[in-house]
Amino acid sequence: MSGAPLALMFPGQGSQHVGMGRGLYGWDPVFTESVEEVFTALGPLGAQVRDDWLGEATWSVAVDDVRRAQPLIFAVDYALGRTVCQTVRPAAVIGHSAGELVAAVVAGIFSVADGARLMQQRVEAAVEVPSGGMLAVAAGPDELAPFLVGDVVVAAVNASRQVMLAGSTLPLRRVQTSLATAGYTFRPVPATSPFHSPAMQPAADAVRESFAATVRPATVPLYSAYTGSVLSATDAASGDFWARQLTDPVLFAPTLRLLLDDHPEGVRLIEAGSSQVLTALAKRTSAVRRGPATAVGLLPAVPAGPEADRSTFLAALDEMAAAA
């Protein structure tokens, strides 16, 4: 793997937790500067998110609420990506759900300010949608079709037998009951909005109408989990494309497979996020399981405090340097 190209992976909704990445704040200068860059771009919202994230008291808004989860995911993902880009230019970027917006910033398509503004517009539109949720299920999308009722749909394909369902609260509860009766393994995803389902259509319409970002040519190929291919200049400039991400399914598994196939000599997958959910998915692929690709996360797989943040971060950077 010596000299193998590097690809950054950015996780989305569900990767958030209290204290995410906080061990690097004030400890790593690039991470700290980058997080503050996002908070500044968000204005009053950024100050509120920072206070909750760094405070010791009860959060003013729960971490799984879209108003906290997505700004924090954006800030921490972006800051981690910046720490890597200080020393290595990535050969590709890929994001899952909201992580694709961070990938677009790192790829040079949006400025931090425009990316943060678009994220904030999507959050504000999402909170107007009635409550819902998401469910991770150990099954293939086809076998789940008979269980889907109401507005519940397959929201993400993460691996051959790992998908996420999403929908409004009551229909999703009915689906969960049916899956339990049928003996399926599943777990709720930390989300209070039914992302990637028809229930989000009003939010998508609102974002489409307000889209006004300045779009620039990508400096790094962005493998889009919404198109299953490298993001085209046409889609990158389309407000409809970025709005539809609220309703369209995430095709992470086939898109990651394309990225790996495009680098048959091997690629170093680095998860720039507050967990190792994408690292775990990558390790299930044959390219990582058998080589020549590798996958590592910059932060611990589960919350373990500031010291664990720092030790995991340093170990990942050492591993990255050794393979360079």
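For the residue classes used here, Ala, Val, Leu, Ile, Met, Phe, Trp, Tyr, Cys and Pro count as nonpolar, Asp, Glu, Lys and Arg as charged, and the others, Gly among them, as polar. Keep that in mind as we walk through this model, which is a predicted one.

Let's start with the second largest pocket, which has a volume of about 280 Å³. It is lined by 15 residues, and those closest to its centre are Ala253, Arg257, Arg284, Thr285 and Ser286. Two or more lining residues come from each of β4 (153-159), α11 and α13 (286-289). Helix α11 gives the largest share of this lining, with six residues. Sorted by class, the lining of the second largest pocket holds eight nonpolar, four polar and three charged residues.

Helix α11 deserves a look of its own. It spans residues 252-261, and its buried residues are Phe252, Ala253, Thr255, Leu256, Leu259 and Leu260. Viewed down the axis of α11, these buried residues fall within an arc of 165°, so they line one face of the helix. Ala253 thus appears twice in our tour: it is one of the buried residues of α11, and it is also among the residues closest to the centre of the second largest pocket.

Now turn to the largest pocket, with a volume of about 340 Å³. Its lining counts 23 residues, of which Gln13, Gly14, Ser15, Arg187 and Val277 are the closest to its centre. Strands β5 (162-168) and β6 (186-189), together with helix α12 (277-282), each supply at least two residues of this lining. The largest share, three residues, comes from α12. By class, the lining of the largest pocket divides into eleven nonpolar residues, eleven polar ones and one charged.

Finally, a few backbone details are worth finding in your viewer. Following β6 toward α8 (201-210), you pass through the loop that holds His196. The phi of His196 is near 65°, a positive value in a residue other than glycine. His196 has a relative accessible area of 3%, under the 20% cut-off, so this residue is buried.

Ser97 also has a positive phi, near 55°, in a residue other than glycine. Its place is the loop between β2 (92-95) and α4 (99-106). With 6% relative accessibility, Ser97 counts as buried.

The last stop is a cis peptide bond, which joins Gly291 and Pro292 with an omega of about 15°. Pro292 sits in the loop between α13 and β10 (294-297). Helix α13 is familiar by now, as one of the elements that give two or more residues to the lining of the second largest pocket.

Terms used: Residues numbered from 1 in each chain as written. Predicted model: local features only at pLDDT ≥ 70, side-chain atom pairs only at ≥ 80, totals over all residues. Heavy atoms only, no water. Buried < 20%, exposed > 50% of the residue type's maximum accessible area, 1.4 Å probe, protein only. Helix = DSSP H or I, 4+ residues; strand = E, 2+ residues; numbered from the N terminus. Arc of directions from axis to C-beta. 1 Å grid on protein atoms, 1.4 Å probe; cavity = no way out; pocket = protein on both sides within 12 Å on 5 of 7 lines; lining within 4 Å. Points joined across faces, edges and corners; volume = space filled by probe spheres on them.
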